[in-house]
Amino acid sequence: MTTLQFTFEQVTIPLYGEGALFYGEATLESASEDDSEFYVSSVQLGKKATLTRPSRINSADPVGGFLFTEIVKQIENDKTVVGGQAAQEWASAVEDQAFEARSYRIPEVSPTSSYIMEAAE
């Protein structure tokens, strides 16, 4: 399963136009067993604000939940500029991980019958 830290810049919330630009880092995690899809598990805005997927458990911050949802809509949609960048970086990370897995594979060596050890006299 692949995880990737994706840095984004100038993400807008369409409802509010170009007036609010968000910069930060999103944690992308595998949404399928073959790593063909990803989802955003958290968003870091600046040094202090970490936004997580809203749920009944963490519903105490409705503004944070709204921002998370709106930013994630942009990152998870490959038709947006930032979503296309995230999709490209995700595909590259998956490819790199697959390459590393193949390069660390040690081939099996089976003994051959052509070598017979004889005890030294």
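**Group meeting: core, rings and charged pairs**

F38 is buried, with a relative accessible area of 17%, and I would like to begin from that residue and work outwards through the rest of the structure, which, I should say at once, is a predicted model.

F38 sits in strand 3 and is paired with W90 in helix 2, a residue 52 positions away in sequence, so that this aromatic pair links distant parts of the chain. The geometry is tilted, with 5.5 Å from centre to centre and 45 degrees between the planes. W90 is buried as well, because its relative accessible area is 3%, and the limit for that label is under 20%.

Let me turn to the nonpolar core. Which residues have the most contacts inside the largest nonpolar core? That core has 23 residues, and the ones with the most contacts within it are F8, F22, L28, V40, V43, I71 and I75. Two or more residues of this core come from each of strand 1, strand 2, strand 3 (38-45), helix 1 and helix 2.

I75 deserves a separate look. Leaving aside residues up to four places away in sequence, I75 touches F6, F8, A26, L28, F38, V40, V82, G83 and A86, and you will notice that F38, where I started, is on that list.

The next topic is how the first two strands are arranged. Strand 1, residues 3-13, and strand 2, residues 17-30, run antiparallel and are joined by nine bridges. With three residues between them, these two strands form a hairpin. To give you one position to find on screen, Q5 has T27 in strand 2 as its bridge partner.

The loop of that hairpin brings us back to aromatic rings, of which the structure holds two pairs. Is the pair of Y16 and F66 stacked or edge-to-face? The ring centres of Y16 and F66 are 6.2 Å apart and the planes stand at 90 degrees, and since an angle over 60 degrees counts as edge-to-face, that is the class of this pair. Y16 lies in the loop between strand 1 and strand 2, whereas F66 lies in helix 1, 50 residues apart, so this pair too links distant parts of the chain. As for accessibility, Y16 counts as exposed at 53%, while F66, with a relative accessible area of 31%, is partly exposed.

Finally, the charged residues. Side chains of opposite charge can pair when their charged atoms come close, and here the structure holds two salt bridges.

One of them is formed by R53 and E76, whose closest N and O atoms are 3.5 Å apart. What does this pair tie together? R53 lies in the loop between strand 4 (49-52) and helix 1 (62-75), and E76 in the loop between helix 1 and helix 2 (81-103), so the salt bridge ties together parts that are 23 residues apart in sequence. R53 counts as partly exposed at 37% relative accessibility, and E76 is likewise partly exposed, with a relative accessible area of 36%.

The other salt bridge joins E70 to K73, with the closest N and O atoms 3.1 Å apart. Both residues belong to helix 1 and are three residues apart, which is about one turn of the helix. E70 is buried, at a relative accessible area of 12%, whereas K73 is partly exposed, at 46%.

Terms used. Residues are numbered from 1 along each chain as its sequence is written. This is a predicted model: local features need pLDDT of at least 70, side-chain atom pairs count only at pLDDT 80 or more; totals for chains, interfaces and linings use all residues. Side-chain values use heavy atoms; hydrogens and water are left out. A salt bridge is a side-chain nitrogen of Lys or Arg within 4 Å of a carboxyl oxygen of Asp or Glu. Helices (H or I, at least four residues) and strands (E, at least two) are DSSP runs, numbered from the N terminus. Buried means under 20% relative accessible area, exposed over 50%, partly exposed in between (1.4 Å probe, protein chains only). Two strands pair if DSSP finds at least two bridges between them. A nonpolar core is a set of buried Ala, Val, Leu, Ile, Met, Phe, Trp, Tyr and Cys residues joined through side-chain atoms within 4.5 Å. Contact means heavy atoms within 4.5 Å. Rings of Phe, Tyr and Trp (its six-membered ring) pair if their centres lie within 6.5 Å; planes under 30 degrees apart count as stacked, over 60 as edge-to-face and the rest as tilted.
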